[in-house]
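Hi everyone, thanks for coming. Let me put the structure up, and then I'll talk you through a few parts of it.

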Amino acid sequence: MFGVVPKPLWDRTNPADANNRIEMCSRSLLIEEGNRLILIDTGMGNKQSEKFFGYYDRSGPDSLDASLRQKGFHRDDITDVFLTHLHFDHCGDAIMKNKNGVLTPAFKNAVFWSHESHWQWATNPNPREKASFLPENILPIDESGQLTLLKGDGFIMENTPLEFDVILVNGHTEKQMLPLIKYQNKTVVFAADLIPTVGHLPIPYVMGYDTRPLMTMEEKSKFLKLACERGFLLFLEHDPYHELITLQNTEKGVRMNEKHKLTTYF
């Protein structure tokens with residue numbers, strides 16, 4: 001998760017267990033907007049083998065279904081599933097196995113959104129990312145007829161059909177999409193894998209998973225400068241202890257200012 005950064009440095013913020021694993025989560029975001037119920041990313045799901053999940057030692061009571069029930073919703077209520085990118089830990093629960101073992105969309109009434117260039121990247125994977133782009137998570141979305149591909153380039157893609165702008169970054173994977181959600185005169189950024197945890201705020205702290213690490217560093221620098229200028233709130237997908245953070249400039253660079261819960265901040 002920290003690439004070439006020496007462990008004694010990253011272990012201060014993200015301590016590892018005896019197997020060199022750090023604590024992480026797969027946090028999704030649910031947006032109510034008029035008649036739409038938009039889910040951003042889905043987590044791993046549960047259709048992979050016991051051996052597959054054994055690498056990650058999943059634990060705890062939380063699940064997507066339980067979280068939806070807590071808010072009075074069901075998977076069938078979701079109108080849109082926005083996938084920041086198609087690595088298995090972000091889209092695995094988009095597809096499920098039915099009682100006959102057939103792969104089928106887990107949100108039967110939803111439109112699934114991906115970026116056109118990223119979709120091509122994921123369905124024709126390079127050797128570096130092949131283990132992260134699992135066909136069983138991706139191809140059934142297209143086969144269902146529920147897939148819609150966004151087109152666009154540049155750092156900020158404006159006026160999307162989902163009524164929020166999107167930051168496009170290419171260091172982690174081609175055309176990863178970070179939604180910019182405006183709410184009560186604030187902007188919440190779903191930081192996905194550009195900044196997965198608070199420990200990744202320092203510019204050189206780049207994941208070994210990133211296909212273009214030098215580009216990630218440039219994108220992080222540009223993004224964090226913009227985030228501080230505009231007062232963005234960062235919603236962290238993978239940090240189990242920091243859900244929503246504000247930022248501040250320090251002599252060491254941009255760092256966390258305060259941490260909050262999304263539901264209690266507003």
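I'll go through one helix, the sheet beside it and some aromatic pairs.

First, the ground rules: this is a predicted model, where local features need pLDDT of at least 70, side-chain atom pairs count only at pLDDT 80 or more, and totals for chains, interfaces and linings use all residues. Residues are numbered from 1 along each chain as its sequence is written, and side-chain values use heavy atoms, leaving out hydrogens and water.

Let's start with helix H5, residues 116-123; helices are DSSP runs of H or I with at least four residues, strands are E runs with at least two, and both are numbered from the N terminus. Its buried residues are His118, Trp119 and Ala122, buried being under 20% relative accessible area with a 1.4 Å probe, protein chains only. Down the axis of H5 they fall within an arc of 105°, so they line one face of the helix; the arc is taken from the directions from the helix axis to the C-beta atoms. Their cover includes strand S6, helix H6 and strand S7, with contact meaning heavy atoms within 4.5 Å.

Now the sheet: it is open, with 5 strands in the order S1-S2-S3-S6-S7 and mixed pairing, where pairing takes at least two DSSP bridges. The edge strands are S1 and S7.

Finally, the aromatics. Rings of Phe, Tyr and Trp (its six-membered ring) pair with centres within 6.5 Å; planes under 30 degrees apart are stacked, over 60 edge-to-face, the rest tilted. That rule gives 12 aromatic pairs. Phenylalanine 2 and tyrosine 205 are edge-to-face, 6.1 Å centre to centre with 90° between the planes, and both are buried.

Key
Buried means under 20% relative accessible area, exposed over 50%, partly exposed in between (1.4 Å probe, protein chains only).
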